[in-house]
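Please look through the sequence and the 3D structure below before reading on. The paragraphs after them go through the chain part by part.

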Amino acid sequence: MLHDIFQRLYYIPIILAAYWFGFRGGIGCAILVTVAYAPHILFQWGGHIAMEMEKYLEVILYNVVGGITGFLSQQERCRREELERTAQGLEDSYRQLKTQSELIIRIEEQLRRAERLSALGELSAILAHEIRNPLASIRGTAEILMEEAPPASRRGEFLEILVKESDRLNRVVEDFLRMARPEPADKRECDVNEELGNMVTLLSAQARGCGVSLDLSRETLPRLVADPEKLRQAFLNIMLNAIQASPEGGTVRVSTSFDRKGGSIEIRIADQGAGIAPDAIAQIFEPFFTTKGSGTGLGLSITKKIVEGHGGSLEVESEPGRGATFRVRLPVSG
């Protein structure tokens, strides 16, 4: 009975050796156990070996258990080492990605700062150019008034130039400040058709003076939550441009419609002027860009900013010789 118990205890060192040292450890320990177990076989059974074959099978089983357990242990150790190497590689990759992401963030911040400085420098240069022209006129006129002492008949003409150029200079500064520092929007319910009607009435006299007629076509529209004052300013800028672009005898057509599917109001302002060149369309909403001899070039830029501030969009369609159509889309939920 004790011998049966002791021969089962041999599995403990075999399994431990296989677990600790792998395949070679398991086989080596199994061989040692076989050598240690052999005298017991010969001592106990003597010449009756054939009657106790299960004892020899036990010896074989020692080696099988040692080999299989060692092999599995070695495979598991290899997998663990491979996973550790993979984890280490992932950790190194993570550190590299983190370093690169921080570098990219710093580069993006530098690019944004450089872009802002570039835009500021460009605007400053254009603003300086726009201010320099009226200042030169004012200075030249003032020098004439001081040095040549012109007759009273021409003095009024020179004073008119001073006032005109001063107004132009003030308009440039006001438009620039309005674009760079917009006032907070005071949004409330308003009727777009009513605002457009007021603008048509306000500009009708100026349109007649240019030989241009205004035509307003209105559909039923829902009330819009917006800043009426700023919308009037946006509509005024577009309609003034349309009147100035239209030839004598032309018509500026203003129409409204409601897109129920998209939930937006569309305002179309079309003129019958010479149209806009394709290369100018890409720049028409940029600050200080103008195709007219006078003006600051900020009207459409301010208009686009107002429309986008209401969650809408401003687009222009034009073909040379066929006029231009400005489309303002405003979301009803804005």
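What follows is a walk from the first helices to the last strands, with the terms explained as they come up.

This is a predicted model, in which local features need pLDDT of at least 70 and side-chain atom pairs count only at pLDDT 80 or more, while totals for chains, interfaces and linings use all residues. Residues are numbered from 1 along each chain as its sequence is written, and side-chain values use heavy atoms, with hydrogens and water left out.

Helices and strands are DSSP runs numbered from the N terminus; a helix (H or I) has at least four residues and a strand (E) at least two. A record offers a starting point: in an unreviewed UniProt entry, residues 12–36 carry the annotation "transmembrane region". UniProt positions are given here in the numbering of this model, feature names are shortened, and annotations may be inferred rather than shown by experiment. In the model, residues 12–36 are 100% helix and 0% strand. The C-alpha atoms at the two ends of this stretch are 14 Å apart.

The beginning of the chain also carries a nonpolar patch on the surface, made of Ile5, Phe6, Leu9, Ile12, Leu16, Tyr19, Trp20 and Phe21. Together these residues have about 900 Å² of accessible area, as given by the Shrake-Rupley method with a 1.4 Å probe, where for residues only the protein chains shown count as cover. Patches take residues with over 30% relative accessible area and no salt bridge; like charges are joined within 9 Å, and nonpolar side chains (Val, Leu, Ile, Met, Phe, Trp, Tyr) within 5 Å. Helix 1 (2–9) and helix 2 each supply at least two residues of the patch. The largest share, five residues, comes from helix 2, and Ile12 is found in that helix.

Aromatic rings come next. A pair of aromatic rings is described by the distance of the centres and the angle of the planes. Rings of Phe, Tyr and Trp (its six-membered ring) pair if their centres lie within 6.5 Å; planes under 30 degrees apart count as stacked, over 60 as edge-to-face and the rest as tilted. How many aromatic pairs does this rule give? The count is two. Tyr11 and Tyr62 make an edge-to-face pair, with 5.0 Å from centre to centre and 70° between the planes. Tyr11 lies in helix 2 (residues 11–45) and Tyr62 in helix 3 (residues 53–147), so this pair ties together parts that are 51 residues apart in sequence.

Are Tyr11 and Tyr62 buried or exposed? Buried means under 20% relative accessible area, exposed over 50%, and partly exposed in between (1.4 Å probe, protein chains only). Tyr11, at 15% relative accessibility, counts as buried, and Tyr62 counts as buried at 0%. Trp20 and Phe21 also form an edge-to-face pair, with 6.5 Å from centre to centre and 85° between the planes. Both Trp20 and Phe21 are exposed.

Cysteines can be dealt with briefly. A disulfide is a covalent bond between the sulfur atoms of two cysteines. With a cut-off of 2.5 Å between the sulfur atoms, the count comes to zero disulfides. Cys78 is partly exposed, at 38% relative accessibility, and Cys210 is partly exposed, at 38% as well.

Charged side chains are the next topic. A salt bridge is a side-chain nitrogen of Lys or Arg within 4 Å of a carboxyl oxygen of Asp or Glu, and the count by this rule is 14. One of them joins Arg232 and Glu229, at 2.8 Å from N to O. Both residues lie in helix 6 (residues 228–245), three residues apart, about one turn of the helix. Arg232 is partly exposed, at 22% relative accessibility.

Further along, Gln283 sits in the loop between helix 7 (278–281) and helix 8. Its relative accessibility is 33%, so Gln283 counts as partly exposed. The C-alpha atoms of Gln283 and Ser301 are separated by 9.9 Å, with their positions 18 residues apart along the chain. Ser301 is one of the buried residues of helix 8 (residues 299–309), alongside Leu300, Ile302, Thr303, Ile306 and Val307. Just after helix 8, Gly311 takes a positive phi of about 80°.

The last strands bring in another salt bridge, between Glu315 and Arg329, at 3.3 Å from N to O. This pair links distant parts of the chain, with Glu315 in strand 6 (residues 313–318) and Arg329 in strand 7 (residues 324–331), 14 residues apart. Glu315 is partly exposed at 37% relative accessibility, and Arg329 is partly exposed at 28%. Glu319 forms a salt bridge with Arg322, the closest N and O atoms being 3.5 Å apart. Glu319 is partly exposed at 44%, whereas Arg322 is exposed at 68%. Salt bridges that share partners join Glu266, Arg268, Glu315, Glu317, Arg327 and Arg329 into one network.
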